[in-house]
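Student: I'd like to go through this one and ask where the labels come from. Can we take it label by label?

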Amino acid sequence: MAESAPRRCCLGWDFSTQQALACIPCFSCRTRGGVHVHKDGLTVTSPVLMWVQALDIILEKMKASGFDFSQVLALSGAGQQHGSIYWQAGAQQALRSLSPDLPLHQQLQACFSISDCPVWMDSSTTAQCRQLEAAVGGAQALSCLTGSRAYERFTGNQIAKIYQQNPKAYSHTERISLVSSFAASLFLGSYSPIDYSDGSGMNLLQIQDKVWSQACLGSCAPHLEEKLGPPVPSCSVVGAISSYYVQRYGFPPGCKVVAFTGDNPALPVSFQVSLGTSDTLFLWLQEPMPTLEGHIFCNPVDPQHYMALLCFKNGSLMREKIRDEFASCSWSEFSKALQSTEMGNGGNLGFYFDVMEITPEIIGRHRFNTENHKVSAFPGDVEVRALIEGQFMAKRIHAEGLGYRVMSKTKILATGGASHNRDILQVLADVFGAPVYVMDTANSACVGSAYRAFHGLAGGTDVPFSEVVKLAPNPRLAATPSPGASQVYEALLPQFAKLEQRILSQTQGPPE
């Protein structure tokens with residue numbers, strides 16, 4: 001049988017929290033879960049060379065498996081958002097003179113002014129956050145400017161802390177990268193620019209006109225603009241792959257590198273709900289309304305639109321607790337409870353936050369009967385539905401607070417562990433009044449990055465992203481709204497929002 005012609009392809013890479021870190025032998029970096037948690041319990045860092053070793057290991061495994069690198073037309077990738085890397089003066093020359101005879105991590109050991117860099121888990125920059133907000137006129141003003149109020153993990157505040165506490169290291173830094181642009185730099189053999197989308201997770205980029213905010217830069221550290229370099233559209237071809245990869249692995253010299261972006265916006269869909277340990281909501285917005293909750297990012301594939309992110313800490317862990325307490329530790333019994341109770345739960349509404357929630361900042365379990373009177377408990381099946389309906393009504397209310405509106409063509413993509421439970425997805429479809437789809441891939445950031453590489457190769461902003469992904473496998477329909485669902489939840493949502501505000505306005509006591 002004649003061999004078929006080799007297929008040209010694009011590669012997607014994921015340097016996010018779990019995937020890249022899992023590639024590193026524990027003895028090499030002496031981390032726990034890929035990070036170092038410092039004595040204060042707030043400072044969290046990762047060794048830079050761990051990321052470099054991750055790339056070495058993955059490429060060597062691909063080479064050993066017989067992967068044909070010569071067929072790669074372009075590559076792009078995603079990086080853990082909010083992490084930052086500090087290149088030592090002279091590092092770019094080292095990147096440009098890599099020897100194909102040695103692995104990357106052996107050649108880049110002296111290239112970083114800070115060897116252990118802050119990552120998204122760090123929460124040690126509260127003072128710097130307050131300084132930044134004061135410099136621009138307050139938290140809401142900063143949110144309108146950069147898409148978010150000041151957050152401890154955001155890069156601008158991390159840079160400010162490094163400048164204040166380690167000015168020598170800062171002065172020896174010639175370039176500051178995000179994890180995404182750092183990973184792209186490794187492939188380029190020179191510094192890759194920060195893209196608009198990941199750049200809007202720094203508290204530094206003006207999201208409307210996509211330039212660095214001079215007020216924010218000045219508040220954080222001197223000479224910061226030259227250390228960051230100019231930001232670029234997320235679909236930019238930032239250069240050809242370094243000759244290091246051509247000689248060591250067999251990439252074609254013409255292989256293009258498309259700007260890497262953050263792992264959160266790496267799969268740009270109009271509406272995605274990730275139902276994991278924490279729940280995350282991603283929204284495609286045309287007219288964003290930045291608030292003190294959530295984040296607005298520049299859209300990585302459409303410069304005329306934006307993406308919003310909302311994070312809810314009490315996700316699957318809360319669902320598992322209610323399952324164990326009220327459904328005999330059984331997902332089957334949990335589903336039966338949802339099936340046996342009516343939409344709207346007879347007017348019984350619940351708020352379940354065993355740990356301090358992010359959106360909104362509430363802790364405790366708060367239950368209200370149909371007369372809006374607070375009660376201590378519901379029957380077991382009512383408890384289950386109150387949890388699930390409450391989680392999804394909160395998501396809808398806070399999404400609409402950022403400017404999102406459910407339209408007749410709205411489709412929801414559900415991912416994460418709870419997306420395997422059809423009865424949970426049915427409540428999601430009912431509350432939002434939109435069909436819910438699921439995907440069979442678990443590596444959405446990698447898949448999204450591969451399509452973004454195709455998009456950059458095809459012409460970027462001159463070609464609609466929808467044209468690039470139209471031949472991609474279609475998500476599978478999992479649930480459609482039940483008849484009458486719209487009327488039920490349109491009536492309940494204002495009541496739910498008022499109760500949430502009522503809880504917020506009250507002095508928090510111990511969880512009930």
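Student: What makes G147 count as buried or exposed?

Tutor: Keep in mind that this is a predicted model. The cut-off for buried is under 20% relative accessible area. G147 has 2%, so it is buried.

Student: Where is G147, and which residues does G147 touch?

Tutor: G147 is in the loop between α6 (139–146) and α7. Leaving aside residues up to four places away in sequence, G147 touches L142, I207, G294, H295 and I296. Take G294: G147 and G294 are 147 residues apart along the chain, yet their C-alpha atoms are separated by 8.5 Å.

Student: Now the helices on either side of that loop. Why are α5 and α7 called roughly perpendicular?

Tutor: Helix α5 covers residues 126–136 and helix α7 covers residues 155–165, and they pack at an angle of about 110 degrees. Roughly perpendicular takes in angles from 65 to 115. The label for α5 and α7 is therefore roughly perpendicular. Their axes are 9 Å apart, and the crossing is right-handed.

Student: Which residues make that contact between α5 and α7?

Tutor: From α5 you have Q128, C129, Q131 and L132, and from α7 you have N157, A160, K161 and Q164. Sorted by class, that contact has three nonpolar, four polar and one charged residues.

Student: And what makes α5 and α6 roughly perpendicular to each other?

Tutor: Their axes cross at roughly 80 degrees and come within 8 Å. Set that angle against the range of 65 to 115, and α5 and α6 are therefore roughly perpendicular. Here the contact is made by L132, E133 and V136 of α5 with A139, A141, L142 and L145 of α6. By class, the α5 contact with α6 has six nonpolar, no polar and one charged residues. Notice L132, which is listed in the α5 contact with α7 and in the α5 contact with α6.

Student: How do you know that α9 is largely enclosed?

Tutor: Count the buried residues. Helix α9 spans residues 179–188, and ten of its ten residues are buried, so the rest of the structure largely encloses it. The buried set is V179, S180, S181, F182, A183, A184, S185, L186, F187 and L188. Just after α9, G189 takes a positive phi of about 75 degrees.

Student: What makes strand β17 mostly covered?

Tutor: The tally for β17 (residues 349–353) is five of five residues buried. L349, F351 and F353 lie on one side, G350 and Y352 lie on the other, and all of them are buried, which covers both faces.

Student: How do you know that β17 is paired with β18?

Tutor: Pairing needs at least two bridges between the strands. Five bridges join β17 to β18 (residues 364–368), and the two strands run antiparallel. For instance, G350 has R367 in β18 as its bridge partner. The loop between β17 and β18 holds P360, and the peptide bond from T359 to P360 is cis, with omega near -5 degrees.

Student: Why do β2 and β6 count as edge strands?

Tutor: Look at the open sheet of three strands: its order is β2-β3-β6, with antiparallel pairing. β2 (36–37) and β6 (116–118) each have a single partner strand, so one side of each is left without a neighbour in the sheet. β2 pairs with β3 (residues 44–47) over two bridges in the antiparallel sense; H36 has T45 of β3 as its bridge partner. Helix α2 (residues 48–64) packs on the sheet, touching β3 and β6, and its direction makes about 45 degrees with that of β3.

Student: Last one: what makes H223 and S328 worth flagging?

Tutor: Most residues other than glycine have a negative phi. H223 has a phi near 55 degrees, a positive value in a residue other than glycine, and S328 also has a positive phi, near 55 degrees. H223 is in the loop between α11 (214–220) and α12 (224–228), while S328 is in the loop between α14 (316–326) and α15 (331–340).

Student: Why are H223 and S328 called exposed?

Tutor: Exposed means over 50% relative accessible area. H223 comes in at 56%, so H223 is exposed. S328 has 62%, so S328 is exposed too.

Definitions and conventions: Residues numbered from 1 in each chain as written. Predicted model: local features only at pLDDT ≥ 70, side-chain atom pairs only at ≥ 80, totals over all residues. Heavy atoms only, no water. Axes fitted to C-alpha atoms, helices over the stretch in contact; angles between N-to-C directions. Helix = DSSP H or I, 4+ residues; strand = E, 2+ residues; numbered from the N terminus. Parallel < 35°, antiparallel > 145°, perpendicular 65-115°, else oblique. Left-handed = near helix turned anticlockwise from the far one by under 90°. Contact = heavy atoms within 4.5 Å. Nonpolar A, V, L, I, M, F, W, Y, C, P; charged D, E, K, R; others polar. Buried < 20%, exposed > 50% of the residue type's maximum accessible area, 1.4 Å probe, protein only.
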